[in-house]
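Work through these exercises with the model open beside you. Try each task before you read its solution.

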Amino acid sequence: MITSLVAGPYGAAGASVTPYGGSAAPGDLESLRREAEKAAQATEKARKVLKDRRDQLMTAQAQLGGKLRDLQRADEKLQTVRAPLSQLFSSLYQEPATGELAPLMVKQADERTLSLMGELRYLSESRQAVTAEAYQAYREREQLAAQAEEQRAVTMLGEARLAAEVEQLNRRSEERVKALTAALAKLGVKVDRVGRDALGCDPTKIKSATGFPNGLIPKSHLCPLPQKGQQLRADAAIAFVSLNEAYKKRFGKPLCVTDSYRSLADQHAIYRRTPFLAAIPGRSNHGLGQAVDLCGGVQTFRSVQFNWMKANAPRFGWIHPDWAERSPFEPWHWEYVPPDSR
């Protein structure tokens, strides 16, 4: 039985993605991000199912191949046994008067004749048994061959359907990423001149970004912010853009950012200048693309802007860590916490 992989919100009933237009509410970006991640997860799950099906087919085919080889060897052994019997009977019937059958042809009922008759009966029965075994082996081999062919045909049909569904899921994932990218572009995130996706803003590529050492994430895996020259990891950037829109609605201007992702070289430079404030190189959340330093009033502890951030930023996954209110005291430093770590 072939079961469809396309189910749930991305099922055969098919949720379509309409091209993004207009301005985005802060929640829209988060919703698009979740949809893109769900679509990517569904695609990955479907690919795994397809791979498992192919592995099962290869195992089954290998087992059937082994059985067919065993039957082939058994058939060869039967042929070896049957050959001398066939030759003996052929020679006896071709020259009955001069061969071992001569006594029987002249109706001599002595002991020699009776012994020969017994041997002929044994040979006849042996030949029949060998023939029956050979026929049974032939039938079994034919059945297994037919079974293998049928299984291969069914599996190939199933694979074709599964591969088509994987492709469908992949297209839906890409559509959601495009919708998200379009929404980010509307909010000031720069995409290239020909309108291709900003690959660093693709939330389905977050896992690959986490594979790089602290401070060594390549630009291709970072998403630009509306604030010129600033960038973060995709999920942190998307959440920050949503936070930025909410902040702008409240204060009439975007968040002021002095620093975001920080390379390992930059972290070394800052640590040399202010070791009492900067994290040890290789341990900063800036190097993970999950931290920003803010200005525009937020940097002032207990200011209106700071208090608003403290109350509202967590809704978007951004927090002011406890240590930043004690030692070292950094009211300007804010960090993104991924959903699975909250």
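**Exercise 1. Sort the residues of helix α7 into buried and exposed, and find what covers the buried ones.**

Solution. The model is predicted, so treat every step as a reading of a prediction.

Step 1. Take the exposed side. Val 304 and Ala 311 are exposed. Exposed means over 50% relative accessible area.

Step 2. Now list the buried residues of α7. They are Gln 305, Phe 306, Trp 308, Met 309 and Asn 312.

Step 3. Look down the axis of α7. The buried residues fall within an arc of 165 degrees, so they line one face of the helix. Val 304 and Ala 311 are on the other side.

Step 4. Find the cover. Among the elements over the buried residues of α7 are α5, β4 and β6.

**Exercise 2. Take Met 309 and list its contacts, leaving aside neighbours within four places in sequence.**

Solution.

Step 1. Met 309 touches Leu 243, Tyr 247 and Leu 255, among others.

Step 2. Complete the list with Leu 294, Val 298, Pro 314 and Trp 334.

**Exercise 3. Describe the largest nonpolar core and say which elements and domains supply it.**

Solution.

Step 1. Start with the count. The largest nonpolar core has 34 residues.

Step 2. Name those with the most contacts inside this core. They are Leu 184, Phe 240, Leu 294, Met 309, Trp 318 and Trp 334.

Step 3. Trace the suppliers. At least two residues of this core come from each of α1 (26–94), α3 (111–186), α5, β4 (291–295), α7 (304–312) and β6 (333–336). Helix α5 gives the most, with nine residues.

Step 4. Check the domains. Domain 1 (29–186) and domain 2 (191–336) each give at least three residues to this core.

Step 5. Look for another core. A second, separate one has five residues, including Ala 46, Leu 50, Val 166 and Leu 169.

**Exercise 4. Is Ser 242 buried or exposed, and where is it placed?**

Solution.

Step 1. Ser 242 is in helix α5 (residues 234–251).

Step 2. Its relative accessibility is 1%. Buried means under 20%, so Ser 242 counts as buried.

Step 3. Compare chain and space. Ser 242 and Glu 30 are 212 residues apart along the chain, yet their C-alpha atoms are separated by 7.4 Å.

**Exercise 5. Which stretches have pLDDT below 50?**

Solution.

Step 1. Begin with the whole chain. The average pLDDT is 78, and 72% of the residues score at least 70.

Step 2. Residues 1–23 have pLDDT below 50. This stretch has 39 contacts in the model beyond near neighbours in sequence.

Step 3. Residues 193–197 also stay under 50. For them the model has four contacts beyond four places in sequence.

Technical notes:
Residues numbered from 1 in each chain as written. Predicted model: local features only at pLDDT ≥ 70, side-chain atom pairs only at ≥ 80, totals over all residues. Heavy atoms only, no water. pLDDT = per-residue confidence, 0-100. Contact = heavy atoms within 4.5 Å. Helix = DSSP H or I, 4+ residues; strand = E, 2+ residues; numbered from the N terminus. Buried < 20%, exposed > 50% of the residue type's maximum accessible area, 1.4 Å probe, protein only. Core = buried A, V, L, I, M, F, W, Y, C linked by side-chain atoms within 4.5 Å. Domains from an automatic or database assignment. Arc of directions from axis to C-beta.
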